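Colleague: Please take a close look at the salt bridges of this predicted model. I should like a connected account of the paired side chains and their surroundings.

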Amino acid sequence: MKNQNNKPINNKLLITLSLLLCFILFFGMLSCSEEKPQLQSNATEVRVDSVLNLMTLEEKVGQLVLYTGFWEFTGPVPDEGNSKLKLDNVRNGYVGAMLNVNSVSSIYEAQKIAVEESRLGIPLLFGYDVIHGYKTMFPIPLAQAASWDASVAKTAASYAAIEATASGINWTFAPMVDVTRDSRWGRMMESPGEDPYLASIFAKAWVEGFQGNDLASPQTMAACAKHFAAYGFVEAGREYNTVDISDNTLFNVALPPFKAAADAGVATFMNAFNEVGGVPATGSEYLQRDILKDGWNWNGFIVSDWGSIGEMVDHGYAEDLRHAAEIGINTGSDMDMESYAYEKHLVDLVSSGEVVEEKLDDAVRRILRVKFDLGLFDDPYRYCSEKREKENILTNENLKAARDAARKSIVLLKNEDGLLPLPKENIKVAVIGSLAASKDIPLGSWRAQAIDNSAVSLLEGVENALGKPNVTFSNGYRLTEGERSFVYELNMVKDDESGFRSAIKAAQSADVVIMAMGEDCWQSGEGRSQVAPVLKGSQLALMKEVLKVNSKLIVTLMNGRSLVIPELAKNAPAILEVWHLGSEAGNAIADVIFGDYNPTGKLPVSFPRHIGQIPIYYNHKNTGRPTTKAHDAGKVFWSHYTDSPNSSLFPFGYGLSYSDFEFSEVRLSANNMKSNQSITASISLRNRSEITGTETVQLYIRDHVASLTRPVMELKSFQSITLEPNEEKEVYFEINKELLSFYRSDLTFGSEPGKFSIMIGNSSKNFNTLDIELIE
Ligand code: NOJ
């Protein structure tokens with residue numbers, strides 16, 4: 001195949017017509033207004049309508065059909081549709097988009113049929129789960145959120161877009177912006193964590209990274225905010241389970257990141273498998289129309305999740321697939337992923353008048369709009385360049401960006417007696433643990449087209465830093481046996497101590513031990529809920545044995561969720577939370593271990609002391625019986641456990657640095673304000689160490705009395721401050737009405753007069769406070 005960018009397009013009638021209309025509109029409107037964005041969007045609307053007007057009912061329904069390709073399945077394997085049938089449907093104009101088609105040549109082949117053989121030549125969208133990289137893997141999304149640095153997310157997404165589009169993809173099913181408080185849920189690894197504000201910052205950054213400034217650029221792709229909505233609140237953390245959530249929590253916790261994605265111009269949304277209060281999200285008019293499309297004035301399209309339209313039958317909400325199709329289209333699910341409900345029943349439903357054609361037209365318009373915005377009508381092959389596919393993927397530049405993102409995502413949890421950073425000279429290190437040698441696990445779950453075993457392992461990273469002769473390795477424990485990609489409880493190796501002897505020997509003769517502990521990446525991700533998010537197998541037992549012979553133990557914790565690690569936290573003198581960091585994991589971890597990078601990460605989720613505390617989150621309510629006199633008098637009648645403190649082991653926002661930061665009391669420019677005024681709150685931050693470092697200063701606010709109860713604290717802002725040794729800086733935050741506002745029971749967003757606490761510090765547990773009064 002030659003350079004395909006200049007292939008002729010066969011849909012001449014369509015292009016001529018839409019261009020003509022576009023010109024008429026453009027020059028007609030120049031006289032009325034000078035504002036370009038409006039002109040452009042109106043021009044798109046005219047072009048969209050010009051196409052819609054040419055379409056038959058069958059072709060309209062076809063735009064709502066999303067087929068999986070024939071190479072990869074990311075949901076239950078469909079029994080419908082062999083590849084020939086699917087391509088015939090593309091040829092007939094009965095397909096709007098495909099997913100899981102990977103490579104320029106396959107995408108070109110399918111696009112060519114759509115554009116050159118179907119009656120109207122409407123181009124296809126090609127979607128794929130490009131979650132944290134395409135072939136160059138960046139840290140899993142939860143880890144990226146641990147950077148508390150939006151530029152990490154934006155950069156990761158923009159490199160993912162460069163690589164995915166170089167392979168022909170023009171639509172990613174990301175970002176996933178489900179706030180979650182439950183580490184039993186395997187999809188915590190895909191989420192930006194437990195906090196709506198942090199998640200909103202990341203939602204915006206991911207959308208900007210994937211979509212860039214110009215959706216029509218061949219290096220950017222349409223993003224998809226998912227899963228709308230409240231999927232992170234599945235009961236008991238069990239995958240696909242029921243969600244029952246109040247409007248208070250829905251609006252103030254679950255929805256803000258989706259709103260941020262919509263405001264950032266995300267092209268598409270995906271609905272969710274779960275029900276919300278008795279109504280499947282896929283059939284929820286409230287979520288899809290009232291809130292998203294009408295409430296937020298958002299004009300992209302909603303794709304169903306895999307089979308979720310059909311699953312409304314299993315939910316007990318639709319009688320059969322036909323009924324599910326009717327509910328789906330009426331409530332605003334615009335595109336059907338792998339339910340075959342629209343393909344089978346929508347023509348009939350519209351012909352019989354059971355579904356009004358305006359609903360169908362609205363969905364088609366939304367889908368065509370995205371195709372126009374991507375520039376597919378101008379050049380449907382703009383993403384099909386074999387040259388780019390060869391040159392733009394897995395480049396040194398991409399890997400360098402992945403390493404930078406990875407080291408910024410690491411969180412230093414513990415560093416007794418300044419064990420870290422280690423010197424690079426005159427040191428013998430024992431690296432222990434099968435996780436340390438794995439070149440595959442750091443790639444993480446949801447790894448798109450990553451090449452298996454292509455990550456830099458922790459062992460390799462340490463060897464690269466110190467030279468091989470200074471490093472000994474021992475597997476120590478085994479995590480799994482059998483098929484790794486199906487890591488069930490059954491595949492976990494429980495009490496295997498066969499590797500202990502050699503690990504202990506290695507530890508004995510080393511100056512320092514670096515031990516990798518945690519999870520296989522396939523223990524987290526979709527369908528990987530667990531009742532016990534703990535360290536499995538013999539890892540802890542080995543750690544204790546190692547400690548007996550060498551007390552200089554650094555644990556690197558690799559995991560896709562917050563784990564319950566009280567014993568580890570108590571015994572190991574140094575702990576680095578390194579998640580699943582992607583292609584450059586080992587090098588990035590070594591950068592931190594040997595002090596080439598001073599850690600900056602902060603936890604985006606609370607780490608529980610005990611499984612029984614889950615769901616645990618810092619922004620909880622006060623309850624009617626917080627710590628009170630009953631507690632002081634040793635009585636039981638207050639909200640607590642009798643066998644554990646309420647607090648987390650490592651709190652949200654927590655993370656150490658090699659520098660030593662100290663912050664002052666809070667200072668305020670005034671003690672009270674009206675809602676049209678603002679107050680400046682500040683602290684001074686000092687680096688009292690000899691190492692340059694960066695601290696993330698966090699602002700939390702508490703609204704003490706309101707028409708709906710408010711959390712004990714909520715993150716409202718944060719700033720990254722870099723200080724030279726012994727340098728001091730004043731850090732300012734503006735407190736305004738927006739920071740004091742919340743969604744009330746009438747769903748208006750506003751503030752209410754009264755007392756607010758202003759808390760500034762370096763985690764949700766370590767801060768100073770002053771109160772202010774909002775007068776009116
Ligand atoms: C199901 C997942 O829930 C969703 O996130 C993903 O995008 C689709 N499968 C497609 O793979």
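**Salt bridges and their settings**

Modeller: Arg 484 has a relative accessible area of 24% and is therefore partly exposed, the buried class being reserved for values under 20%. Its side chain meets that of Asp 440 in a salt bridge, with an N to O distance of 3.0 Å. Because Arg 484 belongs to the loop between β13 (471–474) and α20 (500–508), and Asp 440 to the loop between α18 (434–437) and α19 (458–466), the pair ties together parts that are 44 residues apart in sequence. Asp 440 itself counts as buried, at 5% relative accessibility.

A further salt bridge joins Asp 660 to Arg 688, where the closest N and O atoms are 3.0 Å apart. This pair also links distant parts of the chain, 28 residues apart: Asp 660 is in the loop between α24 (629–632) and β17 (661–663), and Arg 688 is in the loop between β20 (679–687) and β21 (693–703). Asp 660 counts as partly exposed at 34% relative accessibility, and Arg 688 is likewise partly exposed, with a relative accessible area of 41%.

Within a helix, the side chains of Asp 362 and Arg 366 form a salt bridge at 3.2 Å, N to O. Both residues lie in helix α15 (residues 357–373), four residues apart, which is about one turn of the helix. Arg 366 counts as buried, at 8% relative accessibility.

Salt bridges also link Arg 403, Asp 404, Arg 407, Lys 408 and Asp 591 in a network. With side-chain nitrogen and carboxyl oxygen required to be within 4 Å, the count comes to 47 salt bridges.

Key: Residues are numbered from 1 along each chain as its sequence is written. This is a predicted model: local features need pLDDT of at least 70, side-chain atom pairs count only at pLDDT 80 or more; totals for chains, interfaces and linings use all residues. Side-chain values use heavy atoms; hydrogens and water are left out. Helices (H or I, at least four residues) and strands (E, at least two) are DSSP runs, numbered from the N terminus. Buried means under 20% relative accessible area, exposed over 50%, partly exposed in between (1.4 Å probe, protein chains only).
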